[in-house]
Structure formats: structure tokens, C-alpha cells
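The following exercises concern the chain shown below. Each task is followed by a solution that proceeds step by step.

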Amino acid sequence: MSSAPDRGAVIAYNGYDSGLGNRVRVVLGAQSLAELEGRSFAYVWPTGPLFGPAFSDLWDFRGRTVPRAVSRLLAYRWPYEDASLSWLDDRKRRERLWQIRTGSELQLPPGARPWADAYRALTPVDAIAERVTRLFDDQLRGEPYVGVQIRAHAVSHAETRATSPVEWFERRMQRIAAERPGTRFFVSCDVPEVQERICATVPGCTGQIDKGAYNSVEGVRSAVVDLYLLAGSGYLLGPHWSSFLHLAQHLADDQVPVETAVKDEPDAVDPAALGVAVDPLRPAVRRLGTPS
């Protein structure tokens, strides 16, 4: 029995301090490239105090991992490449190993599976799936709602915090609540005290509590729960320059309108326009009208 020729490998490298959004898009983008080029695939996903969970602690993902130190040693022979893929040519294809180190979305060639498609197809681990479903059933099922993602933690990107202050979210939510009485909000915030204050101030708010320490295994699992519930909304308020917001958008197949502090406010906000999500684990699937 013959086998396909070994065409080499691709390693996706994530830094120790890389956040969830950067890690997911780099790993899945590099995996897509490897599939297109007929190469084996592995990835670097450091864990520890700065970021607790493995990929497999979050989703049912079984790719091969490589220690960060091994990748860095290999880089003396096979240096890291960037997300542009402008380096991909016939000479490069003759090399045994490609290592890609970036925090950006890979510019995949035509014919490659979009990483967002692979992301939507992932299955969350049972602990996450059960919590998503329970919160959705208890607090959100059958109702159109506005998803609100706020980055207030000190480690958040400086541009995000500068352009998307907490005060903007409070003002915008209060205006929507005044213009559309009875509007429901699902709030995801990386600082519990900020989330608690907003939920106490703006009517119609709900959100997870007891989410665990920031970037711990439990904390990131809670963040993934938030992703699915944000994606199930009919309208999103989010911070500028946030890969986490993009993860929520992609889960909903980029259907949900998004507003940030650096975009003009729309004439009207209608979280019911898309219909309501039926299964919170498949938030791209909607049903128009409110179930009886």
C-alpha cells in the first residue's frame, strides 16, 4: 500500500502572553494552510500563570502540540515567518518546515478553508457547552437581546481602553434602554466589579458571575461561554481593536451588526431584526419572530 509523499510540516507559534482570539485564529489559519499544502501540522500553545488552559480544555481540538522551547530551537534552522504569506513560493515549498509566528490573521491563499469556518465547526467541551445552554435557557431564550462586550482589565490593549471607555458603554446602553423599553442586555466584562455596576445601573441586564480568575482555566472557559452568548445576540456593542469581539462575530457567521465607540451610531437599534438563536451553541442559525 502506498502513502502520500511527506511534504513537510507547519508549526503555528503562539507567545506565552497571547490572548484567546490571537491564539485561535493563528492556530486554525495555519492548520488550514497545512491542509491546503499537504503538510502535517502542529502548534505552540504555552500555558501557565499568564494563560491557563490548553486548546483542548476549551474545545474538542486534537492537534499536535510542540513545546515553545523546541520551536525556538528549530527557529535557528527554520526562522519564523509572518501572516502575510508573501514568503510562500516554490523555493519555500521545498523546505521541510515552515514556522509561523504572528498575532494576526493569516492571509490564506485561494482554495484554503477560512479559519472562521473551522472555528464555527468546533465543539466546546462539555463543561462549557452545559453552562452556555443553562444560562441561555434561564436568562435569554426566546428573547432578542443586545450583547455587550467590555474590556476594562489593566492588561487590555491600550488602544482598546483609550477608545472604548466603560463610560461610553453605560451611556449607550442607557440610551438604547430609553429608546427601546424592555430591551435585554447580555454583558460580558473582564472586570467583575465593572460588570456588576453596569448591571445594577442599566435595566434589563444579565451576565455571568463567578467567572474565575483572569486567564485561569476557569476564567477562559467562562470567556468562551460569553463568546457563545454574545454571538446569540441580535446586536453587539463592543470595544475597538478587540479580537475577542471578532470571535463572537465569527461564531454568528458575521451576521450580527456591531457598534463600537469609534463608529457612528445607527439611526435605530433593532436586536429582533435577525430573529432569535434557537441553539446557543449554533448562534448563526436564527428563527424570525419570538417563539410563543
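**Exercise 1. State which residues tyrosine 119 contacts beyond its neighbours within four places in sequence, and place this residue in its core.**

Step 1. Contact is taken as heavy atoms within 4.5 Å. On that basis, tyrosine 119 is in contact with Val24, Leu28, Trp59, Leu227, Leu247, Ala248, His250 and Leu251, when neighbours within four places in sequence are left aside.

Step 2. The model is predicted: local features need pLDDT of at least 70, side-chain atom pairs count only at pLDDT 80 or more, and totals for chains, interfaces and linings use all residues. Residues are numbered from 1 along each chain as its sequence is written, and side-chain values use heavy atoms, with hydrogens and water left out.

Step 3. A nonpolar core is a set of buried Ala, Val, Leu, Ile, Met, Phe, Trp, Tyr and Cys residues joined through side-chain atoms within 4.5 Å. Buried means under 20% relative accessible area, exposed means over 50%, and partly exposed lies in between (1.4 Å probe, protein chains only). The largest such core has 56 residues, and those touching the most other members are Leu20, Val24, Leu28, Phe55, Trp59, Tyr119 and Leu229.

Step 4. At least two residues of this core come from each of strand 1, helix 1 (20–37), strand 2, strand 5 (97–101), helix 4 (115–120), helix 5 (126–140), helix 9 (217–231) and helix 10 (243–251). Helices (H or I, at least four residues) and strands (E, at least two) are DSSP runs, numbered from the N terminus.

Step 5. Another core, of 20 residues, lies apart from the largest one; Val148, Val187, Val191 and Ile198 are among its members. In soluble globular proteins, nonpolar side chains tend to be buried together.

**Exercise 2. Characterise leucine 245 and aspartate 226 by element, burial and contacts.**

Step 1. Leucine 245 belongs to helix 10 and is buried, because its relative accessible area is 3%.

Step 2. Beyond four places in sequence, the contacts of leucine 245 are Gln149, Leu236, Gly238, Pro239, Val258 and Thr260. Between leucine 245 and alanine 231 the C-alpha distance is 9.2 Å, with 14 residues separating them in sequence.

Step 3. Aspartate 226 is in helix 9 and counts as buried because its relative accessible area is 2%. Its contacts beyond four places in sequence are Phe186, Ser188, Gln208, Lys211 and Phe244.

**Exercise 3. How many salt bridges does the structure hold, and where do the partners of selected pairs lie?**

Step 1. A salt bridge requires a side-chain nitrogen of Lys or Arg within 4 Å of a carboxyl oxygen of Asp or Glu. The structure holds 18 of them.

Step 2. In one of these, aspartate 253 pairs with arginine 120, with the closest N and O atoms 3.4 Å apart. The pair links distant parts of the chain, 133 residues apart: aspartate 253 is in the loop between helix 10 and strand 10 (258–259), and arginine 120 is in helix 4. Aspartate 253 is partly exposed at 39% relative accessibility, as is arginine 120 at 24%.

Step 3. Arginine 197 and glutamate 170 form a further salt bridge, at 3.2 Å from N to O. Arginine 197 in helix 8 (residues 192–201) and glutamate 170 in helix 7 (residues 166–179) are 27 residues apart, and this pair too links distant parts of the chain. Arginine 197 is partly exposed at 39%, whereas glutamate 170 is buried at 14%.

Step 4. Glutamate 179 and arginine 175 meet at 3.0 Å, N to O. About one helical turn separates these two residues, because they are four residues apart in helix 7. Glutamate 179 is partly exposed at 48% relative accessibility, and arginine 175 is partly exposed at 42%.

Step 5. Glu81, Arg91, Lys92 and Glu95 are joined into one network by salt bridges that share partners. Lysine 92 sits in helix 3 (residues 90–93) and is buried, with a relative accessible area of 3%. Not counting residues up to four places away in sequence, lysine 92 touches Arg39, Glu81, Trp87 and Trp98.
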